[in-house]
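Me: I would like to go through the salt bridges and the domain interface of this model, asking at each step what justifies the label.

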Amino acid sequence: MLILNHKQIENLISPSEVLEAIEKAFTFFHEENFEMPDRMHAHYKDITLLLMPCFTDHFFGTKLVSVNPKNPGIGKPSIYGSMILNDAKSGEPLALLNGAALTAIRTGAVGATGIKYISKETSQTVGLIGTGIQGFTQAIFACSVRPVKKINVFDLDENKLKDFVTQLQKHLPSVDICSLKSSEELVRESEIIICATSSEKPVVPDDIKLLQNKCFVGIGSYKPNMREFPDSLFSLIQNVWVDTPFAAKESGDLAIPLQKKLLQENQVKPISNLVANGEFDKSETTFFKSVGMALFDIVVAEYLYKKAIKENIGTNIIL
Ligand SMILES: NC(=O)c1ccc[n+]([C@@H]2O[C@H](COP(=O)([O-])OP(=O)(O)OC[C@H]3O[C@@H](n4cnc5c(N)ncnc54)[C@H](O)[C@@H]3O)[C@@H](O)[C@H]2O)c1
């Protein structure tokens, strides 16, 4: 069994390879060429444990992820995880991958796939609310699909915001990384707005004029009581593009507007339709909501495993 750690996963494949894997996963989704039981959410005190299995023709696997939003308060990341990749025919375990690193790169690529299909091709400014682990890869991957010149960032935690700007600037030396004092200013100054927070209340201002003609990407909310986008967004958009249909139930970003009848069920559409048909949403205001799914993990894990074998990366162990 091959073990791939955090650093190895970060360095093994490029953003364009992760994007290719995610587009392949969306194609599997569109063709229904996979088997994915509903993911299980188990809660105990502050911890949510997600068990995420998925089968494709050549591989199957399970990602186990724990989320504790209080961890940053004690200097630890919110998300820990591990993924076991198995051979689809024999069931033999092939690899154990660091699930946090896998999640960060695949979620970055999922957000960027949304941006590719629903934002204006000329977009040069990105606004990022939430400067955590996901925010970092969201910013990096956004730059691989649009000619981004400036990234505006905002977070409630000023210290985190400062460190984030320094780190992101090192990764993206040719992009102007700018820390802002409010989400109002951020939305005003950005064409694409990505939210990657653990907030329970909308982080984007409820101001219809401010939201017009922008592209919004929601990454953070994965529970019915979590929400990043305000009511007024739903009077501006024609569709909500989702990475997976269960986003409508799992995320308060969709479940609450559906309950309030600000959004109709038939407006919630899988973005895999756009990916498979090579179509783009050209509406003035657009919205992509992601909650993630195990199919992304399994396809990206397959890319990582195959490349690691080819390049002799990782540690082999016998269980
Ligand atoms: N869509 C997906 O596939 C996917 C994948 C992984 C994680 N997530 C979710 O994305 C969210 C972020 O994950 P992470 O690993 O980056 O967490 P993190 O704890 O590293 O970062 C979250 C950041 O949000 C900031 N924040 C919280 N409330 C805010 C507010 N109201 N305004 C501004 N900033 C605020 C926090 O200060 C923190 O910096 C979590 O809810 C996580 O569960 C989604």
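Me: Why is R227 called buried or exposed, whichever applies?

Reply: R227 has a relative accessible area of 7%, and buried means under 20% relative accessible area, exposed over 50% and partly exposed in between (1.4 Å probe, protein chains only), so R227 is buried. This is a predicted model, in which local features need pLDDT of at least 70 and side-chain atom pairs count only at pLDDT 80 or more, while totals for chains, interfaces and linings use all residues. Residues are numbered from 1 along each chain as its sequence is written, and side-chain values use heavy atoms, with hydrogens and water left out.

Me: What makes D231 and R227 a salt bridge?

Reply: The closest N and O atoms of D231 and R227 are 2.6 Å apart, and a salt bridge is a side-chain nitrogen of Lys or Arg within 4 Å of a carboxyl oxygen of Asp or Glu, so the pair qualifies. D231 itself is partly exposed, because its relative accessible area is 24%.

Me: How do you know that D297 and R106 link distant parts of the chain?

Reply: The side chains of D297 and R106 meet in a salt bridge at 2.9 Å, N to O. D297 lies in helix α11 (residues 294-311) and R106 in helix α3 (residues 99-118), 191 residues apart; helices here are DSSP runs (H or I, at least four residues; strands are E, at least two), numbered from the N terminus. D297 is buried at a relative accessible area of 0%, and R106 counts as buried at 5%.

Me: What separates E302 and K306 along helix α11?

Reply: E302 and K306 are separated by about one helical turn, because they are 4 residues apart in helix α11. Their side chains meet in a salt bridge at 2.8 Å, N to O. E302 counts as buried at 6% relative accessibility, whereas K306 is partly exposed at 45%. Salt bridges that share partners join K24, E302 and K306 into one network.

Me: How many residues of domain 1 and domain 2 are in contact?

Reply: Domain 1 covers 2-103 + 295-316 and domain 2 covers 107-292, with bounds that come from an automatic or database domain assignment. Taking contact as heavy atoms within 4.5 Å, 19 residues of domain 1 are in contact with 28 residues of domain 2. Across this interface the rule finds 2 salt bridges, out of 11 that the structure holds.
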